[in-house]
Every structure is written in structure tokens, then in C-alpha cells.
Amino acid sequence: MTTYRETVDTLCQLVQTGDEADRCYAARTLGLLRDTASIETLIEHLRDEDLDVAIDAAEALGNIGSAEAVPALIESLENDPSGEVCTMVAVALGKIGSTEAIDPLLKICLERPQDMEWNDDWDTWWDVQKAAVHALGKLGAETAVDSLAALIDDECQQDMEPDILNALIRMGGSGEAKVIKRLQNPDSASIHRRRAAHALARSSSVEATKALGRALTDPAADVRAEAALSLASQNAVSYLSALTLLLRDPDNQVRQAALKAVTRLAQNSDNAPNVEEAFQGMLADPDPEVRAILYSMLLPVVPDNPLSEENFQRVLERISDPSAEAAAAACALLGANRNTAAISPLLEIVSDSSAHPMVRKEAATAIGSLGRIDVDVLSTLENTITDEQQVVRLAALEALMELEKTGLITPPDDEEAPLPRPLDLIMGALNGEITIPQPPPPAPVEVTLDTGIDKGEAPQADSENPPEETDTIAETAESDLDLPQTPAQIVAEGEVAPAMSTLDAIHMANVETMLATPHAPEEMADETTMEYLEIVAHNKELMRRMRSNRRIDAQQDIRRLAAHVLAETNEEEALKTLIQALNDDAAPVRREAADSIGLMAKRNPQLAGLTDAVGTLITQLAIGDLDQKITSARALSYIGHRAALVPLLEALKAPEFTLRTQAIDALARLSLNSRDPAEADHMVVRDVPPLSVARRLMECLEDNEMAVRVAAARGLARILKPLREESFTRKAVEKIVDGVTIGTGEEARLIGRALREFDTDLANSILLANLKQADDSVKRSVYIEMIEELLTVQDHSEQAA
């Protein structure tokens, strides 16, 4: 007996003898295994005393799809008082596809069983009706057409019109004719005609296409729009001309639908009209949303078929459109069109700080796509790197990188002043050479006190009452204001308390109250309180990290974005600049540099100079902040230098589970994808063979964190698969399976997928042994879920036996 056959038998036994949870899990898995040997057992439990078991049994029979189960399913449909069970039975009958089920399904559509139960205030018969309608559609039950058509307009029923229309289309013939009749009925509300047009998209008949073509002249705009989209879904290229005329429709919604339909059909037609000519009248459409859609539709067209000069000018005028969406789409279209005459207007948009950031971003991106490098382009993009909007800064840097890759230099008039490379500007931004201009200091403000004396009138001294030698302003202020009794303290820089949330304020008040109240040391915290305080401390540390990432100033952000963009090049100069940035004072810059180095190594592991980053990354893996450690571990795994193996193994001891998880992934990748140290000229102090790494990952299967256990299982699968160590592999699989029960079992499905990388029969035999020995349904459900994930993707030839 193979483990697969043993699995089916074991699950069938659980359906018969297990508790409610066992029966549900086992029934569901049997359905997904689709083994006909389980049909008899599942039929027995269609009337299970537990409602959930009956529902799962019905679903499983539908998934198996055997006509053998149809009589029992019909019996349940006609007699079971539970609407939930009957709903799933109707779904199952639709999947199986037996014509024997048509009459029972139609009957329950039209007549509510007297003994069917309500679910609180909800009549579950409505759910059964809907499922039965779908099932009749799948069965192509043309004998049910008239009854379903009458059901649409029955005011006593729920609104099932879209479901019934779709079912009628699937029935074809007279069913489709009913839908066409509804579309062409001028007396019905437009919502009904629109729904009919939508349903006809599912048909491929000539009659349906003709009916949709005629609906393009429907008096209701929503019907015309839906008809256009349905013709596109049918790929009705013969209606391209009619749809092109619809581009002039007075309704915005219709023009939008016609745009989408024409574009889609033109791509599938050899005799399609010129798309640009068809859309020419809409390039200046009064509706900004229509223009935005049009420009987006033309994006894939203009690289091979550039805009005419007239249309180019029309689009160019729209980059200053009041609608930001339309203006941004116009900028993107100009970039794809590759006409360099757009560069100067686009530069103006980029330089206009009052323009919408989205528009300026697309303008900068378009300049990069146009590929011309000259003084104006470089100076504008360089200035834009310091823009106050982050999205615009990034777009300028990315445009420079695009120009570095594909741009053509336009020589300046002064031959003695060669243009800098775009890459030099990006590296300069990373090195802090491009700085944000500081605003001039504010002019001093002269403060005068209104004494009630005219400015041109000098105060007269009272000879009888000469002024006392005191400060008049101080007297006035002191007499008019209530001053505090205790003097204010001078606040040094950095002492101002940051703003805090309401919860933080409440927490702070509680802390202050606690500190002001004496407590005995032994009463400070019991075990539960300590656990709570640990969670609070963890959350506070997480918030601190999130806030520190948000507090990056603009100058640092420029350098961080420059490091991010440099990942796209293979230039050794850029790599050296990034390696230098690994020692930057700003943590965000260091992290981005490490991430970019890792991406460069992932794309091109043979890139010269990558080894120079290893030492610094190993150091930061040991002493950096958490984010830096995680990024360094990932980068080291892509570089492929085996000197990182020992430090990564040390990272498995880290208190932060996120770092342990990343270290496991890095160790698995590095164990398999690194080059031989001698061949790669690696100065490795102590090499670690893959099997030793696997042993350390085995220890991680007992980790308290689910993410670490799952990562360890995946890592072991990747390492052990090519080693062919059968004894060690068995121990690893056994420990992986045992590790799932350490926690709550939430990772069961993830572990089941990881087990696919091992020998399936081996993994299944171990799971079965654990399933049989499990002493409670919770553990059994965990093993069943793993079995389900392990086996349901396999092609079992025994299933037909």
C-alpha cells in the first residue's frame, strides 16, 4: 500500500470515527484529493449531526465530481432543512454536471421548501436559489429557460437578475434569446438593458454580437457604454468602425468605454484603422478623465507609430492641464513618443514648484525617456534633486539614471566645458555634493510699543513729575499680565518633549502616577504583568524604529534616494561610491547603500569589486542597528562570499526574530550559490560546509517564533535537496513536522508547502505516523492541513484506480 492510498483510508476512517473537527478537516481534504474511493464515506455524512461536517462533505463530493454521488446529493437538496447545506449541495451538483439534477434544482429555485430553516432574520432559501441558478447555468438546462426568465421579474424574490442572465447565456439557444429580448425592450428600465448587454459579453454567437451592435445607438448612455465593452470582450473586430464613431458620443462615460473597446480591438485586428487617426478628435477632449484614458491607451502605440506634428502639439498643450491626472498622462505620452521637441516645455513643468507633484514626476520621467543630454537637461534635473517633494526628487534621479543608460550627449557650444555624466550627478548627490539651498535669514523685525503718542510728537517731560528710572515696557507688561509665581526654566536644545498620541499621553500619566506612589518591590510585577510590560517595550521599540525612519531630513533623503537609484547600474564607480556610503553617518543612507549593493550582486554576481563590500557588511551585521543588520545579511547572501557564513550563523542567536529569519534565508542561499573559495579568491578564515549549516538550521525548528520555524524548514529543503543525505533528510523532516506543534499550528500550511521540496512519499509517511498518534483533534487538524498542502498539487495516477 502506498502512502497515498494509506492517506485516503486514514482520512476516511477519521470522517467516520473522529470528532466534529476531525470530520470537517478530513472531509475537506478528501475532496481536494479527489479520490473516488472516499465517495461512499462522504455520502454517509451528508446528513451528519454536525452542520459543518455535512457542508464539508457536500463540498468534497462536488470537488470529486463523480456522478455516483448525484442521487444522494439530490436527496439532501430535497429533504435537508438546512439552507446552508442545501446551498453547498446545489453548488456540488453544478460542478458534477449531471442532467439528473436539473429538475430538483429548478424546483428549489421556484418553490421554497416548507421545512427549510431561517438563519435568524435571513431566509437561507435565497442563498439556495442563487446557487441553484448558477448550477442550472453550468448544466446548460434549456428546459429551465422560461421559468428562470419569469423569476427575474418576480417582485417577491431577491434581485438575482445578473445571476439569472448569466445562467441564461450559458444555456444558449432560447436562453440567450431571452437576454437579447431584454436588451432590445425599449420599455424596460436602462438598468435592465445594461445588465443584459453585460451578460451578452459571455456569448460568442452572431445574434448576440448583432444585438450589442444595435445597442450602440441605445438612448441610455450606460447601455451604449456597456455594449461597447461587451463587443470588445467578444473580440468583435467587425464593429471597430462603429465603435470609432462612438468616440464622438456626447456622454463622457460612453467615450471612455469606446476608447477602451477600440484600443483592445485594434490590437487584435490586422485591418484596424490607424489608432492615432481614430483618436485624433479626442486628444483635446473636454473631459479630463477621457483625455487621461486616451493618453494612457496611446502609450504602447506611439513608440512604433509616433504622433503627427499636429497631434504632438495638441498633447504638448495639455501638460499644463488643470487636471493633474490628464497632465501627468500627457507628460508620460510625450516621453513614450520620443520627440525631443517636448524637452523644453517638460523642463518648465519640472521647474515649476507650483505644479502638481504627480505631473512634475511624470515630466521628469519623460525627460529621461527622451534621451537627450544637454546643459539645460542636466542643470534642471540637478536642481530638481533638491526639490521639497520626495516623489519629484526620486523622479529626477531616476531620469538621470535612464539618461546614463540610453542618453545621447548634445555637445555644448563651449568645447572647453564638457558635460558631466548623469551618473556623476547621482554619485555627487550620494556624496553630499548636491545640497538643498538654505533660505536667507529673516529680516529683523522692529517692534514698537503703541504708547498713544503720535509718531511725529516727542513725549514731553512733566517737570513736576519727572519719569522714574524704570523700564516702562516691563511695568506695562507686569501690570497687564498674570505672571507665574515660579520662574520658567530655560529649555536647552533637545529638551522639548515630542508630541505624543492620546494613548502615549495616557500611558505617560499612568507611569507618572505609578512613580509617585510607593510600592513594595515584591509587588511591582507578577508574571502576567511582566509579560505585558515586555509586549509594551517591544511595541515601543518598534514605534521608535518606524518614527526614526520617518524623521529623515531632506538632505539625507536626497542621498538615500541616490543610493537607491545607483542599484540600477553595473558601473564599478557606482559600486565604489556605494561601498564608501556604507560608512556614512546617516543610518538611512547606510541601509540604502547596503540594499543597492545586494541588488547589484543579485543581478550581476560577477561584478568586479563586490568583494570589497564584504568586510564592512560583516561588521554592520554584527554591530549595526536592526534594519542595517537585516539589509547586510541579505546583501551578503547575494554577493556569495563564504566568509559571511560564520557571521550569519552567529546572527541566528540574535534576540530579534526578523534578523534570525533573514539570516536563515541568507545562509540557505549562500550555502548553495557561493563559489568555491579557492576559485573565487576568497580569504575565508573558516569555511562551513552545507551540512553544518543544515544542522544549525535544525536547531531553529524549535524557535518560539513561527516565522523563524517556517524559514528554517524552507532553508533546510533548499540545502538538503541537492545533498542526497537520506538519513539526515529523514531526521530533518521529522523535526520540521514536530516543530509545527510547538506553537499554535498556524504555520501548518506553510510547512506543508515547504515539505513539497523533500521526497513527497517520505514526508507523507512521517505526517501519517504523527496523525495516527496524535491525541487530540487540534494536533490532528494540523497534520491534516500539512498533508493537504503536500498532496493536493501532486498528480496521482492511482486516483483513477
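How many aromatic pairs does the structure hold? In this predicted model, the structure holds 1 aromatic pair, which is the subject of the opening close-up below.

**Close-up A. The aromatic pair of Trp122 and Trp126 is edge-to-face.** A pair of aromatic rings is described by the distance of the centres and the angle of the planes. For Trp122 and Trp126 the ring centres are 5.2 Å apart and the planes stand at 90°; because planes over 60 degrees apart count as edge-to-face, the pair is assigned to that class. Trp122 is partly exposed, its relative accessibility being 36%, and Trp126 is likewise partly exposed, with a relative accessible area of 27%.

**Close-up B. Cys109 and Cys700 are both shown in a model with 0 disulfides.** The count of disulfides comes to 0, the criterion being a pair of cysteine sulfur atoms within 2.5 Å. Cys109 has a relative accessible area of 0% and is therefore buried, while Cys700, at 9% relative accessibility, also counts as buried, since the cut-off for that class is under 20%.

**Close-up C. Asn235 has a positive phi in a loop between two helices.** Most residues other than glycine have a negative phi. The phi of Asn235, however, is near 60°, and the residue lies in the loop that runs between helix H14 (221-233) and helix H15 (240-246). With a relative accessibility of 38%, Asn235 counts as partly exposed.

**Close-up D. Arg338 is a further residue with a positive phi, although it is not a glycine.** The phi of Arg338 is about 65°, and its place is in the loop between helix H20 (324-337) and helix H21 (343-351). The relative accessible area of Arg338 is 55%, and because values over 50% count as exposed, Arg338 is placed in the exposed class.

**Close-up E. Ser38 is a buried residue in a loop.** Ser38 is found in the loop between helix H2 (20-33) and helix H3 (39-44), and at 0% relative accessibility it counts as buried. When its neighbours within four places in sequence are left aside, Ser38 is in contact with Cys12, Leu30 and Ile64; of these partners, Leu30 falls within the range given for helix H2 (20-33).

Definitions and conventions:
Residues are numbered from 1 along each chain as its sequence is written. This is a predicted model: local features need pLDDT of at least 70, side-chain atom pairs count only at pLDDT 80 or more; totals for chains, interfaces and linings use all residues. Side-chain values use heavy atoms; hydrogens and water are left out. Rings of Phe, Tyr and Trp (its six-membered ring) pair if their centres lie within 6.5 Å; planes under 30 degrees apart count as stacked, over 60 as edge-to-face and the rest as tilted. Buried means under 20% relative accessible area, exposed over 50%, partly exposed in between (1.4 Å probe, protein chains only). Helices (H or I, at least four residues) and strands (E, at least two) are DSSP runs, numbered from the N terminus. Contact means heavy atoms within 4.5 Å.
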